[in-house]
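New to this one? Here's a quick, friendly briefing to read alongside the sequence and the 3D view.

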Amino acid sequence: MTGFGKAFTQLPTKKITVEVKSLNSKSLDLNVRLPLTYREKELPLRNTIAQALERGKVDFSIYVEVTAEETSSKINAPIVHSYIKQMQDIIPNADATELMKMAVRMPDALKVERIELDENEWEKIELVIQQALDNIQSFRRSEGKSLEDDFRFRIQNIRDFMDKAISLDKERIDGVKERLRSNLLEMKVNVDENRFEQEVIYYLEKMDITEEKVRLSNHLNYFLETLSGTEANGRKLGFITQEMGREINTMGSKSNHAEMQKFVVQMKDELEKIKEQVLNVL
């Protein structure tokens with residue numbers, strides 16, 4: 001969702017500059033700053049920006065730089081004369097130049113003539129607005145491509161760490177069996193082998209991570225499938241990462257094996273990096 005777009009145009013009497021900035025946000029948080037002349041166009045302009053950017057904390061600004069010699073600000077002569085006369089009544093011998101300097105700083109010394117919106121001028125400004133929106137969209141697409149490459153890299157890392165953890169499963173199971181038998185031998189009790197095997201099977205079923213592996217693999221595939229979609233999918237990717245986290249956590253709680261735990265921690269680390277970047281996806 002982060003991005004920046006800027007465009008400008010030179011009109012006969014003014015230079016128009018349009019800037020759009022966007023940061024991460026769960027929804028569209030739009031702040032529009034317009035000169036008073038264009039304020040009546042704010043509502044349709046908000047709709048245009050919302051359709052283009054969809055989500056993000058967006059700051060949109062139009063700046064006007066007057067390049068002609070004429071200005072809409074005029075000295076309010078009667079008011080200025082009145083201020084000067086009042087000050088001369090208080091200080092009869094005051095310097096006229098100093099009185100003028102003081103008078104033009106007083107309230108209402110300047111009056112601004114409201115300039116009516118020129119629709120032909122606004123049509124030209126709309127083109128600049130669209131150009132700025134196109135520029136921020138281009139920025140977002142470039143950032144999105146980098147994010148996609150990073151997501152695919154980290155999803156593959158999680159898959160590799162999962163496979164390495166699963167490769168230790170036989171060693172883990174054999175170790176559990178050996179520990180159970182060793183504990184019984186230390187207790188010096190006679191054990192029914194059939195009963196022992198039943199208890200071992202029951203215990204190992206509680207430690208089995210086959211379902212977690214299958215579900216995590218499905219979530220990884222679904223993440224990549226969603227990533228390749230054309231619609232806005234940031235929220236969906238966020239939900240998928242939550243499901244991935246549940247399977248990884250369960251796998252870790254069941255592992256009971258130091259080396260396998262290391263791979264689980266590495267999976268969690270990669271997933272956290274994905275979660276951070278998913279916040280930047282529409």
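What follows is a short tour, going from the whole chain to its strands, two of its helices and a couple of single residues.

Keep in mind that you're looking at a predicted model. The chain holds 9 helices and 6 strands, and 35% of its 282 residues are buried.

**The chain as a whole**

- Count the contacts in the chain with a separation of 6 or more, and 77% of them turn out to be between residues 24 or more positions apart.
- The accessible surface adds up to about 17700 Å², and carbon and sulfur atoms own 51% of that.

**Strands around β4**

- Strand β3 (residues 28-33) and strand β4 (residues 56-66) run parallel, and 6 bridges join them.
- Want a spot to look at there? Find Leu-28, which sits opposite Gly-56 in β4.
- To get from β3 to β4, the chain passes through helix α1 (residues 42-53), and this β-α-β crossover is left-handed.
- Strand β2 (residues 14-23) is joined to β4 too, with 10 bridges between them, but here the two run antiparallel.
- One of the pairings to look up is Lys-15, whose bridge partner in β4 is Glu-65.

**Lys-14, a residue in β2**

- Lys-14 belongs to strand β2, and its relative accessible area is 13%, below the 20% cut-off, so it counts as buried.
- Along the sequence, Lys-14 and Val-66 are 52 residues apart, yet their C-alpha atoms are 4.3 Å apart in space.
- Leaving aside residues up to four places away in sequence, Lys-14 touches Thr-9, Tyr-38, Val-64, Glu-65, Val-66, Thr-67 and Glu-121.

**Glu-54, a residue in a loop**

- You'll find Glu-54 in the loop between α1 and β4.
- Its phi is near 65 degrees, which is a positive value in a residue other than glycine.
- Is Glu-54 buried or exposed? It falls in between: a relative accessible area of 43% makes Glu-54 partly exposed.

**Helix α7**

- Helix α7 covers residues 210-227, and at 1.5 Å a residue its 18 residues should span 26 Å. The C-alpha atoms at its ends are 26 Å apart, so expectation and model agree.
- Which residues of α7 are buried? They are Glu-212, Leu-216, Ser-217, His-219, Leu-220, Phe-223, Thr-226 and Leu-227.
- Those buried residues of α7 pack against three helices: α4 (119-167), α8 (234-255) and α9.

**Helix α9**

- Helix α9 (residues 258-278) has 21 residues, which at 1.5 Å each should span 30 Å. Its end C-alpha atoms are 30 Å apart, so this helix agrees with its expected span.
- The buried residues of α9 are Met-260, Phe-263, Val-264, Met-267, Glu-270, Leu-271, Ile-274 and Val-278.
- These buried residues cover an arc of only 125 degrees around the axis, so they lie on the same side of α9.
- Turn to the face of α9 that points away from its buried side, and you'll meet the exposed residues Ala-258, Val-265 and Glu-276.

Technical notes. Residues are numbered from 1 along each chain as its sequence is written. This is a predicted model: local features need pLDDT of at least 70, side-chain atom pairs count only at pLDDT 80 or more; totals for chains, interfaces and linings use all residues. Side-chain values use heavy atoms; hydrogens and water are left out. Two strands pair if DSSP finds at least two bridges between them. Helices (H or I, at least four residues) and strands (E, at least two) are DSSP runs, numbered from the N terminus. A crossover is right-handed if, with the strands pointing away from the viewer, the path from the first strand over the helix to the second runs clockwise. The expected span of a helix is 1.5 Å times one less than its number of residues. Buried means under 20% relative accessible area, exposed over 50%, partly exposed in between (1.4 Å probe, protein chains only). The arc is that of the directions from the helix axis to the C-beta atoms. Contact means heavy atoms within 4.5 Å. Accessible areas come from the Shrake-Rupley method with a 1.4 Å probe; for residues, only the protein chains shown count as cover.
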